[in-house]
Each structure stands twice: as C-alpha cells, then as structure tokens.
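Here are a few notes to help you find your way around this structure. Please keep the view open beside you while you read.

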Amino acid sequence: MTDRPVHHTGYHQLAAQPDPELVADGFVLSIFLLLGIIFALAPLVACRLLAPRSRNPQIGTIYECGMVAFGQATSARFGVFYYLYALIFIVFEVDVLYLFPIARIYRQGVGLAGFLEMLIFVCILFMAIVYAWKKGVWIWEREALSLR
Amino acid sequence: MGTGSTLPPVVHFGCLEQIFNLARANSLWPLTFGLACCAIEMMSAAGPRFDLDRFGAGVFRATPRQADVMIVAGTVTAKMAPTVVRLYNQMPAPKWVIAMGNCAISGGPFKLDFNYNVIEGVERLIPVDVHVPGCPPRPEALVEAFLKLEEKLTSDRRFPHPPEIPRRS
C-alpha cells in the first residue's frame, strides 16, 4: 500500500480508471445479488412447472369446514385500547435508544452542555408521557378510554 | 398422479416423478374428516395400537390445503354431498380418495327404499382410488388401503403382505 505511487489526477481520469479492487467487489456483490434472486425465484418456477395442478372454481375459496363462507373478515370488531400502550412504548424506546449512547460516553466528559442537551431531550419526551397521562392511558377502564 | 380435476405437470421428468411419487407415497397426509361410524375406526387406525404413523399417513391435517388423501369414512347423504365435493375441490393437486366402508362404496345398509337422501357410493361425486369394504372395516383394513395407495403411486409394495387367514370350510 505504501509503495503505490500517488497520482494527483483529476476527477475524469479517476473515472476512466476505476479501482480494480472496487470492480472486483462489485462483481462479487452482483453475483451474490443474482444468486439471491435466482434462489428465491427458482422454487416458485420449479413448482409451477413440475407440480400437478388442480383447477376448479373452489380451489381458492375460504375453508370453513366445507361450508360456504359468508360475511366479510373486516366485519368483526375488536377493541384497539392497546394502541395507546404501543405509543407509550415507542416513547420509552426512543428514550432508551438515545440515552444508551450518551450513558456509554458520559464518564468521558460530556460536560454541562451535554447534560443540558440530554435534559432537554428527556423533557420533550416526557411531555408525550404527560399528554398520555392526561388522556387517561394509565387507567385500565374501558369507559375512561372510550369516552375520551 | 391424482385423479379427477387434476392436470398433469407442465414439464414431466420420469425419474424426478418417481422420486416425487416415492416421497408422496410415504407422506400421505389425510384430511381430518369423518362422516359416520367408520370415522371411529379411522381414529383407531391413527391411534397407537394400529399407528398409521408407521406408514407416514398419521398426520391428519385440519385443512384441505395441506392434505393429500381424503378418507370418506361413512355414509354420504345428499345434504353432506356438496360439502364433500367442496372439500375435495379445495385440496391441492396430487390428491387421492379412499372410500372407507360399505356406505362410502355403495350406500351400504342405509340404502333402503325410504332413505331417499343416501348417496349410493361416494364415487358418484368424486373419483375414488381405493375402496375398503367392511361395515365398518377394521383399522388394519385402512392401513392396507394406504399400502394399496402407496402401491398405486410407486407400483411397488414396500411392506410384506399380511399372512393368509386360515378359514374353516
């Protein structure tokens, strides 16, 4: 690496003579990509060609123990109380996601400025928790959530 | 190869087909589907004493999408007929049918003049590969039906024939 002559060349000349290592890498990578696509598609194609097929109007119908299915799958209703918990989870997750790196280097000296930045960040995220608190997320009552 | 509405594969390799058939013959998955008293014998055949699993056929599937074999175990009535046909149609391509018991073969003891709604054999509705006579057939007879189906697939019997039963004259 050290005895390789350093050419002070312009951009155009660099483009004309690309790094052979890069080209080899790209070649290998494209082979990997191609093999990946073939690996994914080959079973599907082979299945189409090699498997016997059954053709009738009922082959794709919904299985309901042999009965004819009625109604829509979307007609069933279910409570969505848990989505609030999902949102709260995201708040805490973002908290942890950014506090971990800071905690990792805190001893190495982030100073007062770093501490204040962290405090502002936590305060902003804490507002989301206060908002959810106000909305009654911590109360597990259907009425409290449905009458909002 | 299955029967009925099954179309053959687009590309056909003889040797590969033999390997596939060997695999299919040793993993015949029946549909969990019983109509009448023969189903009790079918359950018994799947149980530990007779153990259909020895022949790879004990994996009773709860959906026709995963099943290879439909065991019609019992009387097929006119009310049940569309359901049987629909279940058969919902099964994927290489599929076989075992008609178990006299009812599934010909209507059996229930085919009387006043029993207007008994179908005289499931073969009137869907193609049948193996018939198992008996009222009801013993579990060994169902095991033998699976062996016959394997024989039909691979044209080779892997398991020995059962010994002759000495009969009194």
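**The sheet and the core around it**

1. A good place to begin is the open sheet of chain B, whose three strands are ordered S2-S3-S4 and paired in parallel. Its edge strands, S2 and S4 of chain B, each pair on one side only. On average, neighbouring strands here are turned by 15 degrees against each other, direction ignored. Please bear in mind that this is a predicted model.

2. Now look at how S2(B) meets S3(B): five bridges join the two parallel strands. Across this pairing, B:Met70 stands opposite B:Val97 in S3(B). H2(B) packs on the sheet, where the helix touches S2 and S3 of chain B, and its direction makes about 135 degrees with that of S2(B).

3. Which residues have the most contacts inside the largest nonpolar core? They are B:Met70, B:Val72, B:Ile98, B:Ala99 and B:Met100, in a core of 43 residues. Several elements of chain B supply at least two residues each, including strands S2 (69-73), S3 (96-100) and S4 (130-132), and helices H2 (38-46) and H3 (81-90). The largest share, seven residues, comes from H5(B). As a general background, nonpolar side chains tend to be buried together in soluble globular proteins.

4. Finally, try centring your view on B:Ile98. Leaving aside residues up to four places away in sequence, B:Ile98 touches B:Val69, B:Ile71 and B:Val72, as well as B:Asp129, B:Val130 and B:Val132. Its contacts also include B:Ala145 and B:Leu149.

Note on methods
Residues numbered from 1 in each chain as written. Chains lettered and ligands numbered in written order. Predicted model: local features only at pLDDT ≥ 70, side-chain atom pairs only at ≥ 80, totals over all residues. Core = buried A, V, L, I, M, F, W, Y, C linked by C-beta atoms within 7 Å. Buried ≥ 20, exposed ≤ 12 C-beta atoms within 10 Å, placed from the backbone. Helix = DSSP H or I, 4+ residues; strand = E, 2+ residues; numbered from the N terminus. Contact = placed C-beta atoms within 7 Å. Pairing = 2+ DSSP bridges. Axes fitted to C-alpha atoms, helices over the stretch in contact; angles between N-to-C directions.
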